[in-house]
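Here's a quick tour of how the chains fold and where their parts meet. Have the viewer open as you read.

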Amino acid sequence: MSEPVMRSPLHSFGLASQARQIDDSCGVWANEIPYLGYISLRGDGRDQTFVTAASNALGVPLPLQSCTLSSSNDLKVLWLSPDEWMIVAAPGQANALRSCLQQALAGVRSQVVDNSGGYTKIFLGGSKALDVLRHVSVYDFESLQPNRVVGTTFGKSSAYVFRQGDGYRLIVRRSFADYIWRYLARAATPYGFGIANAAPG
Amino acid sequence: MTSFRVRRPGARIDFEKPLSFSFDGQPYSGFAGDTLASALLANGVRMLARSFKYGRPRGIVGSGPEEPNALMQIETGAHTIPNLKATQVELYDGLTARRTTGYPTLEFDLKSIGGVFARFMPAGFYYKTFQNQKLWPKFEHIIRQAAGYGSAPAEPDPETYDHSHRHAQVLVVGGGASGLLAALAAGRAGLKVVLLDEQKECGGWLLSSPYSIIGGKAADAWLKIVIGELQSMPNVEVLTRTSAFALHDMNLVLAVEQLQDHLPLAERAVNRPRQRLHRIRAESVVLATGAIERPLVFGNNDVPGIMTASALTTYLNRYGVAVGKRVLLHTSNDHVYQGACDLIRAGCEVVLADARARVNPAWEKRARAAGVDLRLGYGISFARGGREVNGAQLVKLDAGQNVVTGTGPSIDCDALGSSGGLSPTVHLYCHDGGRPHWDEEKLAFVVPATGRAKSRIYCVGAVTGEFGLQQALEQTQRTIGDLLASLGKPTDTTSAVDVRTDEPQTVPPRRIFRIPDGKREGHGKKAFVDFQNDVSAADIHLAVRENYRSIEHIKRYTALGFGTDQGKLSNVNGFAIAADARGVSIPEVGTTTYRPAYSPVTFGTLAGLHADETFEPRRYSAMHACHVARGAEFEPVGQWLRPWYFPLPGEDMHAAVRRECLAARRGVGIMDASTLGKIDLRGKDVREFLGRVYANDWAKLAPGKCRYGLMLDENGMVMDDGVTACITDDHFVMTTTTGGAARVLSWLEKWHQTEWPDLDVYMTSVTDHWATAAIVGPKSREVLAKVCAGIDLSSSAFKFMDWREGTVAGIPARVFRISFSGELAFEVNVDANYGHYVWEALMDAGGEFGITPYGTETMHVLRAEKGFIIVGQDTDGSMTPLDLDMAWAVSMKKPFSFIGKRSFARSDTAGPNRKQLVGLLTEDPEIVLAEGAQIIERADTAPPVPMLGHVTSSYYSPELKRSIALAVVRDGINRRSEEGRKAGRNVLYAHAGGKAHKVRLVSPVFVDPKGERQNV
Amino acid sequence: MRKDYSSWSLFTKGLRHNEGWDPAWRSAEPKPSYDVVIVGAGGHGLATAYYLAKEHGLRNVAVIEKGYLGGGNTARNTTIVRSNYLWDEAALLYEHALKLWEGLTEDLNFNVMFSQRGVFNLGHTLQDMRDIERRVNANNLNGIDALVLDAAEVKRRIPILNTAKTARYPVLGASFQPRGGIARHDAVAWGFARAASKYGVDIIENCEVIGMDIANGRIVGLETTRGPIRSERVGCVASGHSSVLAKMAGIRMPIESHPLQAFVSESMKPVLDTVVMSNAVHGYASQSDKGELVIGAGIDHYTSYTQRGSPHIIEHTAAAIIELFPMFSRVRMNRQWGGIVDTTPDACPIISKTKIKGLYFNCGWGTGGFKATPGSGNVFAHTIAKDDPHPLNRAFDLARFSTGHLIDEHGAAGVAH
Amino acid sequence: MFVFFCPHCGENREEEEFGYGGEAFIPRPSAPETLDDDAWGDYLFMRKNPKGWHWEMWSHNTGCRKFFVVKRNTATNAIAGSWTLSDGRKAYDAEGGAT
């Protein structure tokens, strides 16, 4: 039997082979950042025991303010609701992180679920990235501050979006990824749409 | 052909850039900057349409979106566009336009024959005739052929569209003088401003009025300075060619931007959208939408060459086209005087008939000085001319009453412009419930200058009835000052602009709409109110006479304002004439309701990117590529695309399904079950929660075990079903139907959040995380054994309805021993990133056993053979678990009254003779009943036939080598019981497509009734 | 009834400059009392009054209306007429209506332009096709014309329809009711108003009900903005405002009032000569005699009495129409609007007596009201005149929401419009 | 066309992010078996459907997935405010259960 091979949600687009260095030739650049770890964490943000245990396990404070995120080198913790967070971890880290959280939260009203197969991340950059977001979503991205994350519409689907560096990161559900990518490509094509290589995590 | 070009500095025509175009196959030339209308006029084309009802010759009346007549078919083939107004089509080289009316030709229109009999075709005549229902289709066919303007394309659209969602602090609609000033002030205050203008450049009426002076500067220079400053501000965005067509609640303005239509076909960028829908959410909206001049209503006022006076002026000043040499102007107000002077300056002779006996002395002086032949106190009784105007008969008007006191001169002319006053463009203000009010002095429906401060809608300029330039600008300064003050911004940014003009103070217009001709309405020459729908003043009087008195009735009876111009020229005249006919005031008549779209917008723009492959989301499983590679046919299920069957070369569906079924029953099959909804539930109260939302009991389900559950709505009807596994005592994983996943999660959240927040339960969707392959058949264990580690697969260690954790092909997996086929079966769940890999690994492992992938069709056959229901196919929202003969899945003993339970006890739900699920066998085993066949008592199908139920599922069973079906039948369970059989009540007929087949009611479990196979 | 409207009358009156036309109906001042008062002068209310007068001899009848007659949903619908409903109760009621439609122009001496150009209900999934088969078979057994067409046949009959297999919602087939079609919506209200008025029915516009006088469990009169009106029989036919009226009588209704939007294109040459409906993509279309495409949208989910809905619903519908008819992408929407539809939990109407003696309700038509107009009025008139439901509306009583005997026309029935 | 302030996300968001959740504060009877058919039918199906102020639920589908309470005028589309379920209940009770 061959070695196990992962296939990301956008595998069928063959993005890796089209990727190139970002330059001025396109107004919009994007690519999939595959195989990250995704942990869904549920618990009561007003429960100090839960917050402390989770923060300690994660090594970063659990963001308690709505629509904010906190991050360390390895992971990002996105506030999704007063009792829900998404933890985005480096590839291969999800399992360990899940165990660690579950141990820390033993006996605390909470839920820790590995959802790594269920999501993927899309890098969106370029001088016209904001214009593209205006095409695909109803949210006012112009006022989206760094360190904030929003769950909003993407076409007739949805995405979690935050800023990182010069661009944006979108976290989308696996089964919708095909639709979302096609939609994104259609919206971006008028500006010149390039597949970026070495998309920064 | 008496029109001529006027070369005047400041005109928006580039005489260095000639363009060629065609109209109705005739070549013409124009210049860059022309609209199709201005170019046609410059070429002397007067008649370019025939009227809707009477086939009367028609020409251009307006210069913008108000144009009722000049509806054009632009371009041909896939790029063709019907019904564009020539006044809004920017000319480009090579443009092709065709008329949309006039059959067989413009010169001779068949409908003009009908026009001879116009008196027998008054408003609403068709309600009074053609009353034979049998003959009506023939009449209707003729009516339909005669109706309609342009033609829809015959091909799909080669161009694309998109949406842009914007958020502004201040949205200014209209880039005329007031709008520009408003945007400038808001921009200088540092606010995020968007300014929209429907034309290709800002300026509004100033573009038609080059001799206006603002703050000592000529209009042109003033515009350059203001627009230049706006464009230099990073916080201000100016969108031209962008028409705001709707204002929805909470200041959501929709506007369509034209990105390509002004370019020659060859120059249009393939990747660029043709049009863009801007959905702009604004904290404050400033409506600077201006006003549109309405014509006066007089006899034969529809002859080509008769326009609004402002259109004449616009063609002259902005487009460099003098429409005629001898121009007759007719007015009731001051607005035409500057235009009259401009026409003289261009070399025209001008007669100006003012309905007022005494006019504004300042204007009178200027006009006379310029050489205008002023006739005061006169009205036009009727115009002369057929295909173009050649004169008009004047009448002397009483100074007070709108009656004729004597005859007047007959004036020759080759162009005629009239002005009945300005009608503010109040449409957007009214879309979200705002109402305009009638200003008797200004003779206009206006909106308040204060707008609707609570909604943060402000109005400036002509839309408020401030028709004078200086007054409008001063009012804009005050209003924007208020707006800025409300935001705590300095208000001096507007007052810094000098807005003094040299315009004389205007004096009130005369209250006249319909120029009297000395005859009773309906006896004189036709005087049109709505050109596009051929609605005359007499039609409105007739409607009122017939008691269609509400303005909405008048509109609907006569079609007033129903055209593609939405009554921009006609409505106020119509309201006024209706008021006269009813003998009431105009405010008592009121207005019709203003509805979007202010100007028409393409379906493509509305759809944006929601077209073609991105019309709606389509979801794929992680194993999709595996199925494509194996040649699967697919079936849409909810948002998903699932493999339907996997035909081998030469196989049809029947053959493929037969092969797949037998593989699963005799050997081993494999199916992608990833699309089922999966919800992870955690918390110490999950059991209790499950007990409330499912009909059955969950108190004793042990870790490592699974159970099937029926989920009911509160009405007691089955809404979803699925298997839930107990992972640990406080951790469960629920599966739902493919189509029901999102609904179920939302349903569970709603109950938890609203009714039972104290229950310790968290729910998270893991549908997308897990990829699931079901391995099905007697050999499934052997296949799995080859790749599975960490699980004892023996039947004693891993029983039916158990689940275990281990690895499959080296990947951590949850394996469920559950079965939707009645066979030994395992469902392998892995991280979806490995879904593709694990599917292929299972295929490899199953190779030696002939593992056969199968799709939804085979799944349906297998489950039907076992009598397993599909929610939504065998149920329709009216079936209780008891109706499904599934009492075993209901626990009436649970302490909590689970959702839906109480409804069972209602008299009808608990009553006899309900439709119940049964199996059906046809007398002829080869006949596969139609799904949807109706169950009836006797073979006689002459209606009406009482129906007892219907076939919900029907297949040919390869296992049984005969057809089988499931059905819901009244009292079906009794009918198929021993007693029912004895009474012969179990034999019925299934009727479909006119044929009735004898059927026998049996148990719905056709294969392995004892359920032994799944336990091996 | 004298047939005042004819080609001959058009000719003779035309000769005299059309001055001789009588008012189509008489606008009446409210009298102190009536035998029956109908609240709501939409198509249903006016039809009720007409049939009360014509079939039950009740002429001392008033129809009172808060706005102008025919100004509610009668004026705002997409004019589709069909009877191919699933369940016997609904199908027979709508078929009763359809039969009346077929003679309505002659009966009313008013051309309501009932155009039987056929109605297609498209199927896009296998389940859609099962439901279509089920419904068509049921229709046939109820004596209602209906047939199942496969995709090729649908394409043959509607060549401009996109039947590509690759479509997001591929067309797998359709049901077709040849006798279905469209009618001129305003004309229905005007025609009934005129015919009722000729029988002596008082039509009173701008008269809003502001209270109900109820004594000892029976209705005795109404308070209106034009004064009190006595009547011991009151039929409420107020569609979206039914809950408001019911509240005055202290009755709770299983009704929610939602925006339902529609739009028309600019007028074009004939391109679509039938009615096409699709529940899966949420859109339906026909082309009016004037040449406008008349397009209906899906319902807005929230309740509202504003006659305005959310624009994204219209945008979705435009997208759906392009999905069905790609060639309409470049066609333009001319005007959009909204109505207030009164929906019930089982998508079936309520035509019922109430716990208040003499007070009757006819409401809850959801998206199906227009097509039922003559039938609804006919059976409601019977219900009021006899104080007992007509056999065709017996099942549509309020009691079903207690007994559980719902007539669920959701989903399978192709209810939407 | 609506903008709702999501009391959990703390931001104004466009209507497209939300789903309508129906009339608010229809408590499930604590002992359904004790109700007669009429009372149960009332709970199941009867709705206030007022023309005017309406207390209703919306869920923030693309955001926090929480149901919350909105007081909205069905005759004008005006929104008086939005609250979490528990705060909404308090506001509603403070009005005496509203219309």
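## Ground rules

Two strands pair if DSSP finds at least two bridges between them. Helices (H or I, at least four residues) and strands (E, at least two) are themselves DSSP runs, numbered from the N terminus.

What you're looking at is a predicted model, where local features need pLDDT of at least 70 and side-chain atom pairs count only at pLDDT 80 or more, while totals for chains, interfaces and linings use all residues. Residues are numbered from 1 along each chain as its sequence is written, and chains are lettered from A and ligands numbered from 1 in the order in which they are written.

## Where B meets C

Let's start with the strands that cross between chains. Strand S33 of chain B (residues 601-602) runs antiparallel to strand S17 of chain C (residues 332-343), and two bridges join them. Across that pairing, Val601(B) stands opposite Met333(C).

The wider interface has 90 residues of chain B in contact with 83 residues of chain C; contact here requires C-beta atoms, placed from the backbone, within 7 Å of each other. On the chain B side, helix H3 (residues 136-146) gives the largest share, five residues. That side of chain B is made up of 38 nonpolar, 32 polar and 20 charged residues. For these classes, Ala, Val, Leu, Ile, Met, Phe, Trp, Tyr, Cys and Pro count as nonpolar, Asp, Glu, Lys and Arg as charged, and the others, Gly among them, as polar.

## Chain C on its own

Chain C has ten helices and 19 strands. Its C-alpha atoms fill a box of roughly 65 × 65 × 40 Å along the principal axes. Chain C has a radius of gyration of 21 Å, which agrees with the value near 22 Å for a compact globule of 417 residues. That radius is taken over C-alpha atoms, and the globule rule is 2.2 Å times the number of residues to the power 0.38.

As for packing, 68% of the 417 residues of chain C count as buried, that is, with 20 or more other C-beta atoms (placed from the backbone) within 10 Å of their own; 12 or fewer would be exposed, and in between partly exposed. Among contacts in chain C between residues at least 6 apart in sequence, 75% join residues at least 24 apart.

## The two domains of chain C

Chain C is assigned domain 1 (29-79 + 185-255 + 346-413) and domain 2 (112-180 + 256-343), with bounds from an automatic or database domain assignment. Their centres, over C-alpha atoms, are 28 Å apart.

Where they touch, 20 residues of domain 1 of chain C contact 19 residues of domain 2 of chain C. On the domain 1 side, helix H6 (185-198) and helix H7 (242-248) of chain C each supply at least two residues, and H6(C) gives the most, with three. By class, this side of domain 1 of chain C has seven nonpolar, twelve polar and one charged residue.

## Chain A

Chain A contains five helices and eleven strands, and 59% of its 201 residues are buried. Its radius of gyration, 17 Å, agrees with the value near 17 Å for a compact globule of 201 residues.

Chain A is divided into domain 1 (12-34 + 118-195) and domain 2 (37-116), whose centres lie 25 Å apart over C-alpha atoms. Nine residues of domain 1 of chain A contact nine residues of domain 2 of chain A. Strands S8 (149-154) and S9 (157-164) of chain A each supply at least two residues of the domain 1 side, with the largest share, three residues, coming from S8(A).

Key:
Two residues are in contact if their C-beta atoms, placed from the backbone, lie within 7 Å.
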